[in-house]
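Here's a quick tour of one protein model, aimed at someone who'd rather be at the bench. Have a look at the structure first, then read on for the cysteines and the aromatic rings.

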Amino acid sequence: MRSGNPHDLWQQAIRIRQEWLDHALSTQAADKATAERALTAIYARASRPRPRFEWVDSPDKARPLITGWPTLDQLYERIRDPRPRGTPPLASDIAMVASQLRGALSAGVTHTDPDMSPVRTSKTKEPWPELAPLQALGSGVPLAVVLHQGVRTALHRSLAHGYYLPVRAVLADDGPVPACWYGQQDASWIAYYDVLHRLGLARYGPDEAEHLDAWAALARSCGWWWPGEDVCVVVDRPGAIGTEPVSGTVHDQIRLQPRGLRYRDGWQPLTRR
């Protein structure tokens, strides 16, 4: 791991984490040109040509455009099937290339990446405790673990449990929701590998860096998206996002307020806790 004061490196990490949280909660209109370039690059990684892009103002407006597309459960069923039939759906291929990217990025981390080996090195093999950052560093928890807990895990809790999972649950009231990605709310893993790179704690090859840049550009430019073979349905960023802190957390986690989310077409999925 790069030499340097762990407390100073952690303070730098907090600033970078906030940059990504700001992107994740941005209510600026989508940067459609950047998003379409990034999506075209991701499609190319899955050996697909540039699709036609259909932009909508909310996930609710996407529903009629994605009817019949594969759900996450269906993708898992295909993975478990020893003899799957036909060509894999695009969503399956994109999930695979994204997973391969994360594995390659972890291989470029200069210390043992907790994402690959989350348990502590001890006879008990218990996970490292999740403590307040300065307390954790002072009690011997490695900086690598604090960064993983305080950037990747914390942002995932804020953006998944605090944002897109509740919204997705409302969308699922009308039936299973096809597999999708979350654009700006996919920032947790992107931020984590960006933090490690900017702190000098990871070195990525040119191909991995270019691939990560495509996902980062997507997280900085648009909302949710559903990949189809011929058309990609992309959601603009919301018109308003109101959040509140989650009490009792050590890494400044947040969640949506009741009625705190409004999309540009007026859709408000969360009207109560």
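## The annotated span and its rings

Residues 182-244 are 41% helix and 21% strand, and the C-alpha atoms at the two ends of the span lie 20 Å apart. Helices (H or I, at least four residues) and strands (E, at least two) are DSSP runs, numbered from the N terminus. An unreviewed UniProt entry puts the feature "domain: DUF6745" at residues 182-244; such annotations may be inferred rather than shown by experiment.

A word on ground rules: this is a predicted model, where local features need pLDDT of at least 70 and side-chain atom pairs count only at pLDDT 80 or more, while totals for chains, interfaces and linings use all residues. Numbering starts from 1 along each chain as its sequence is written, and side-chain values use heavy atoms, leaving out hydrogens and water.

**Cysteines.** How many disulfides does a search of the whole structure find? Zero, with a disulfide being a pair of cysteine sulfur atoms within 2.5 Å. Why is Cys222 not bonded? Because the closest cysteine sulfur, in Cys232, is 8.2 Å from its own, too far for a bond. Cys222 counts as buried (under 20% relative accessible area, with over 50% exposed and partly exposed in between; 1.4 Å probe, protein chains only), at 0% relative accessibility. Cys232 is buried too, with a relative accessible area of 0%.

**Aromatics.** The structure holds nine aromatic pairs. Rings of Phe, Tyr and Trp (its six-membered ring) pair if their centres lie within 6.5 Å; planes under 30 degrees apart are stacked, over 60 edge-to-face, and the rest tilted. Two of the pairs involve Trp225:

| Pair | Centre to centre | Angle between planes | Class |
|---|---|---|---|
| Trp181 and Trp225 | 5.2 Å | 20° | stacked |
| Trp215 and Trp225 | 6.0 Å | 45° | tilted |

Trp181 sits in the loop between helix H7 (143-171) and helix H8 (187-198), and Trp225 in strand S2 (residues 225-227), so their pair ties together parts that are 44 residues apart in sequence. Trp181 and Trp225 are both buried. The other pair also links distant parts of the chain, 10 residues apart: Trp215 belongs to helix H9 (residues 206-219) and Trp225 to strand S2. Trp215 is buried, as is Trp225.

Elsewhere, Tyr164, Tyr182, Trp224 and Trp226 make up one aromatic cluster. There's also a charge over a ring (NZ of Lys or CZ of Arg within 6 Å of the ring centre and within 35 degrees of the ring normal): the charged end of Arg102 sits over Trp189, 5.2 Å from the ring's centre.
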